[in-house]
Amino acid sequence: MRYLFFSTIPFEHETIPDEKTIVRKNLFNNNVGNTFFFNAVVRSLLCKENELIRYKPGFDMDSCDAGILVHANSIRNGTAEWFENDYQTIKNSKIPFVLVSVGSDSDSNFETHLEENVIRSIYRCYSLILERVPSIGVRGDMTKKILVEQVGIPSDRIDVIGCPSLRYFGTGFRRFSGEYRHYCKEMKIAVNFTGYHYDNDEAVYLYQLLKEHPHSFVIFTDKVEAELLWYGTAVPVYRRHDLLPGAPDHFIMRENRARFSACQNKIMNMFRTFDFSIGSRIHQAVVALLSGCPAILIAHSSRVLEIAQHHNIPYILRSELVQEQPSVEALYYRACLGMRRFYDSYDEKLIEYTDFLQKNFLKVNPDFLFASALKAKERYGNMKQ
């Protein structure tokens, strides 16, 4: 089978550029999380029967068996032109296109109200997709609700499948089976934040954490943050808060307590050295969980919250964080407890994802399939009882 991908992100199984080239050419679309998402999809389809192809202008799309669309956070205002471009691309081909895990974004009240031009464009694009495949995949119930109630996509043509990133290891995922250490100020803590999506009270909380825990580090994820770390280029003013590292003179930068990598394996190895992860970056929480590091996600919008709820990722609402001011110790133990729920639902969530891929006629990597899906489902049912 020949599958066509639309992305500049390097395929993980191929020879990839060095990290500085990836950042300089922006091959990760500004955010490391895009790489995690994309390569998890690639891995789920990577097998000897499949040929994975990257689209280039002029390529004959109809020479492939299917196109793979990764729409991420596109259900939001301002994306009408983007959806129109995808509509034209699909219309100019005859192959089916599989939409893998699209998500919505929201305001701080977890509400999304799409403008009429965006609704029209989404409806045109997704209706065309659904003429060729049984369903589209969305990241959570919030996105499904928007597509049904605002856009008009039939409920029975939408599958809630969460985020592919959590299935990065397929059936080979190894759960951490040891004992988590007791909380202490000497713990190594990974801190992350969304540079354009935090409020003052959240910044104050994280600033105090960084000040009080000498072994805490900020994990950067964005292109502008990588350029700050490597070249000393200040983050644009509209994307930074004075309390958080955004300029070379911040104490985190002076004390060499910032880290960045554009390669998932390197980041996972790094997270295996941490005791705890906290922040609002969904894919930093994902990498921490997959590395066995307890994580607490600060949920600030629907795109974060619905993934956390679907996959049982430990989280705290931003409103709870800033109003209740829980101690870092309390959040750490909350994360440790939540890790069990994440582990317990992993098999079920993997089956859910691969069932969607197969339902839409894709050949799945055998390493992502249990020997018997029925047995795996039965095992999960017994485990819940």
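This is a chat about the pockets, sheets and salt bridges of a predicted model.

Reader: Let's start with the largest pocket; how much space lies in it?

Author: In this predicted model, about 1,100 Å³ of space lies in the largest pocket.

Reader: And which residues lie nearest its centre?

Author: The lining of the largest pocket is made up of 37 residues, and those nearest the centre are Asn29, Asn34, His71, Ala72 and Asn73.

Reader: Which helices and strands each supply at least two residues of that lining?

Author: Helix 2 (32–45), helix 3 (80–91), helix 7 (223–231) and helix 10 (282–290) each do so, and strand 3 (66–69) does as well. Of these elements, helix 2 gives the most to the lining of the largest pocket, namely 4 residues.

Reader: How do the lining residues divide into nonpolar, polar and charged?

Author: For the largest pocket, the lining has 15 polar residues, together with 13 that are nonpolar and 9 that are charged.

Reader: OK, what about the second largest pocket, what volume does that have?

Author: The volume of the second largest pocket is about 330 Å³. Its lining consists of 17 residues, with Phe176, Gly178, Tyr180, Cys336 and Arg340 lying nearest the centre.

Reader: Where does the largest share of that lining come from?

Author: That share comes from helix 13, which spans residues 328–359 and supplies 8 residues to the lining of the second largest pocket. By class, the lining of this second pocket holds 9 nonpolar residues, 5 charged ones and 3 polar ones.

Reader: Switching to the sheets, what is the order in the one with 4 strands?

Author: The order is 2-1-3-4, in an open sheet whose pairing is parallel. At its edges are strand 2 (51–54) and strand 4 (97–99), each of which pairs on one side only. From one strand to the next, the twist averages 30 degrees.

Reader: How many bridges are there between strand 1 and strand 3?

Author: Strand 1 and strand 3 pair in the parallel sense over 3 bridges, and leucine 4 has glycine 67, in strand 3, as its bridge partner.

Reader: Then the sheet of 6 strands, what order does that one have?

Author: That open sheet runs in the order 9-8-7-10-11-12, again with parallel pairing. Strand 9 (258–259) and strand 12 (315–317) are its edge strands, each pairing on one side only. Strand 12 pairs with strand 11 (residues 295–299) over 3 bridges in the parallel sense, and isoleucine 298 has isoleucine 316, in strand 12, as its bridge partner.

Reader: You listed helix 10 for the largest pocket; which strands does it lie across?

Author: Helix 10 lies across strand 7 (189–192), strand 8 (216–219), strand 10 (276–279) and strand 11, and it runs at about 165 degrees to strand 11.

Reader: Last topic, how many salt bridges does a search of the whole structure find?

Author: The search finds 16 salt bridges. One salt bridge joins arginine 43 to glutamate 12, where the closest N and O atoms are 3.1 Å apart. This pair links distant parts of the chain, 31 residues apart, with arginine 43 in helix 2 and glutamate 12 in the loop between strand 1 (2–5) and helix 1 (19–24).

Notes. Residues are numbered from 1 along each chain as its sequence is written. This is a predicted model: local features need pLDDT of at least 70, side-chain atom pairs count only at pLDDT 80 or more; totals for chains, interfaces and linings use all residues. Side-chain values use heavy atoms; hydrogens and water are left out. On a 1 Å grid over the protein atoms alone, a cavity is a set of points where a 1.4 Å probe fits but cannot get out, and a pocket is an open set with protein on both sides within 12 Å along at least five of seven lines; lining residues have an atom within 4 Å of a point. Grid points are joined across faces, edges and corners, and a volume is the space filled by probe spheres set on the points. Ala, Val, Leu, Ile, Met, Phe, Trp, Tyr, Cys and Pro count as nonpolar, Asp, Glu, Lys and Arg as charged, and the others, Gly among them, as polar. Two strands pair if DSSP finds at least two bridges between them. Contact means heavy atoms within 4.5 Å. Axes are lines fitted to C-alpha atoms, for helices over the stretch in contact, and angles run from 0 to 180 degrees between N-to-C directions. A salt bridge is a side-chain nitrogen of Lys or Arg within 4 Å of a carboxyl oxygen of Asp or Glu.
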